[in-house]
Structures are given as structure tokens and as C-alpha cells.
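Q: Please take a close look at a single residue in the model shown below. Where does it sit, what surrounds it, and how does its setting fit into the rest of the chain?

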Amino acid sequence: IWYHRPAINEELLQSLPNLKVVASAGVGIDHLDLKLLSRYGVKVSNTPFVVSTDTADMSMALLLASARRLVEGHEMAVSPDTEYFPADWLGVEVSGATLGILGMGTIGYKVAERAKAFEMKILYHNRNQRKKEEESAVGAVYCKKLDDLLQQSDFVLLAVTLTPQTHKLIGKRELELMKPTATLINISRGLVVDQDALVEALQNKVIKAAALDVTYPEPLPRDHPLLKLKNVIVTPHIGSATKKTRWIMMEEMAESIEAGLAGLPIPREVL
């Protein structure tokens, strides 16, 4: 499966009685009905670890681009109508700012490592608290309550898996808890955010900005209001999109398929 295609539904499974394994690119498995696949005796694999480094890099790229208004700056610099650069055209500081990471798994932790190099203060909210030595290594402070993280952070990064519990986890109430100077960054799944509430929050200056590598749907309709806002950066779900990583993803998927066909243990099997 690549970019969630083809859709694995009962009709497809009935048409493929000899199917043994579904190898899915990336880490997310929200597009797969694991119970349905198990019922048909089909095993599932993904490529969870290879995407982490590039996705963490992308997270920092979005954070920096939004903070320093790089997209707007580029448009100003190349516009045929630009006659001078205004002195009061300003971004916000990254060094010393507070980053709140929602979801401190492999990707979230790698973001924390990068943010530490930018001298950011790091908060995180997770189902389980990290070990003390892991927290100390990146200077991260655990927030047991999500509300505490939202209220204190200058940048809020979403790095959670999409589950029924995280579906529209960030809605109107959560956005209103954030600072009016805060930026929301989403590198997880579009459905983690209530997009209608996000549009309203951005239009009404409830929060300052958003940087999104994921939306719902993908791509957004061309007339979607998120695409018209100056304080929004949208990228085409390219967190893992580097040549090396995509090549390794393909190799890992092929390994899982070969193992499944040979009746061997499947590397990176989703249980």
C-alpha cells in the first residue's frame, strides 16, 4: 500500500483468497481494519522506524518556516510589485521559546533532540511518561494534563497516532487554551485536528499561525479557506519524502512481502 492505495476492504479481500500479507508504507495504520484483515488470515507490516528522522527534520522545517514567515517572505522578495522591504515585517523567536510536543514517541523524541539544539524549552504530553534519563537528555518536562501543555507553549507540535481517542483531539476548546501568539504544527494526521475549528481560530486570531504537513482530505479542495490564509503553511504530506528514506521504505516492504510468501516471521509485523 502506498498513500493508502489500494483500499483494503472486504470486497478486495474476498477477491484475493490467496492474499498473505499487506505491506503498508509509513508508520500510520489508521487506514487499515486490522480486525478484518486478521479474520481473513492476512498479516500486516509497516515501516515505522525509517520515517522518524526525516519527519522530525520536517517538523523543525515547518516550525522555523512559520516562525520566520519564510513563505510570505519569499513571495515578497520575488513579487514584481515589491519596491522595498518593510522594516516592521517581523517573525517570532524560536530560540528560547517553549515547544509543546503532543505524542513523545520516536518522532516526537527526535524533534525534542533537534529543539534542544535551538535552546527551546520542551514540554510534552504522552500516554506514558518517558524515563527520567530520556527526559534529562533533551531537557523535556512531562505535562500529565494536555491543557497545561497547551496553555504554556509557543509552538504546539502534534505527533500522535490517529486513533479513536485522538480523532479531533485538537478542537475549539483546545485552540482557545493556546496562547494568541502560539503556532500549531501538525505532522501526524489531518483528522487529529478539527479543521473547521482551526480555520475559525486562525481567522479570529485565537492563535497566531499553523503549519500543516497533513490535512483532511489530502489534497484539500482548492477553495478550502485554509489555503487562503496568510498565517498558514500547508505542505503535501512530505514528512518522509527524501530519496534515501523512500528507497529504504520500499526495501522494507519488499522484505515483509517475501517473508510472508515464504511463511517466515515478517519483519516489522503489526500485531
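The residue chosen is Asn186, and the answer moves from there to the whole chain and then to several other sites.

A: This is a predicted model, in which local features need pLDDT of at least 70 and side-chain atom pairs count only at pLDDT 80 or more, while totals for chains, interfaces and linings use all residues. Residues are numbered from 1 along each chain as its sequence is written, and side-chain values use heavy atoms, with hydrogens and water left out.

Asn186 belongs to strand 7, which covers residues 183-186. Helices (H or I, at least four residues) and strands (E, at least two) are DSSP runs, numbered from the N terminus. With a relative accessible area of 1%, Asn186 is buried. Here buried means under 20% relative accessible area, exposed means over 50%, and partly exposed lies in between, with a 1.4 Å probe and protein chains only.

The side chain of Asn186 reaches the backbone oxygen of Arg189 at 3.1 Å. In this account a polar contact is a pair of N or O atoms within 3.5 Å; within protein, one must be able to donate a hydrogen and the other to accept it, and residues adjacent in sequence count only if both atoms are side-chain atoms.

The wider surroundings of Asn186 are given by contacts, meaning heavy atoms within 4.5 Å. When neighbours within four places in sequence are set aside, the partners of Asn186 are Leu158, Val193, Ala211, Leu212, Asp213 and Val214. Strand 8 spans 209-212, and Ala211 and Leu212 are among those partners.

The loop between strand 8 and strand 9 (232-234) contains Pro217. A cis peptide bond joins Tyr216 and Pro217, with omega at about -5°. Pro219 is located in the loop between strand 8 and strand 9, and the peptide bond leading into it from Glu218 is cis, with omega near -10°.

The whole chain provides the context for this site. It contains 10 helices and 9 strands. Its radius of gyration is 20 Å, close to the 18 Å that the globule rule gives for 271 residues, so the chain is as compact as a globular protein of that length. The radius is taken over C-alpha atoms, and the globule rule is 2.2 Å times the number of residues to the power 0.38. Along the principal axes, the C-alpha atoms fill a box of roughly 65 × 50 × 35 Å.

Buried residues, of which Asn186 is one, make up 45% of the 271 residues. Among contacts with a separation of 6 or more, 62% are between residues 24 or more positions apart. The chain exposes about 14,900 Å², and carbon and sulfur atoms supply 55% of that area; accessible areas come from the Shrake-Rupley method with a 1.4 Å probe.

Helix 3 (residues 52-67) offers a further view of the chain. Thr55 is found in this helix and is buried, at 8% relative accessibility. Leaving out residues up to four places away in sequence, Thr55 touches Ile107, Ile187, Gly239 and Ser240. Thr53 is also in helix 3, but counts as partly exposed at 33% relative accessibility. Beyond residues up to four places away in sequence, Thr53 touches Lys110 and Arg114. The side chains of Thr53 and Lys110 make a polar contact at 3.4 Å. Thr53 and Pro6 are 47 residues apart in sequence and 27 Å apart in space, C-alpha to C-alpha.

Phe118 is placed in the loop between helix 5 (106-117) and strand 4 (121-125). This residue is partly exposed, with a relative accessible area of 29%. Apart from residues up to four places away in sequence, Phe118 touches Met60, Leu64, Val94, Ser95 and Gly96. Between Phe118 and Ala97 there is a separation of 21 residues in sequence and 9.0 Å in space, C-alpha to C-alpha.

Two further residues lie in the segment before helix 1 (10-15), one of them being Tyr3 and the other His4. Tyr3 has phi near 50°, a positive value in a residue other than glycine, and is partly exposed at 40% relative accessibility. His4 likewise has a positive phi, about 65°, although it is not a glycine; its relative accessible area of 37% makes it partly exposed.
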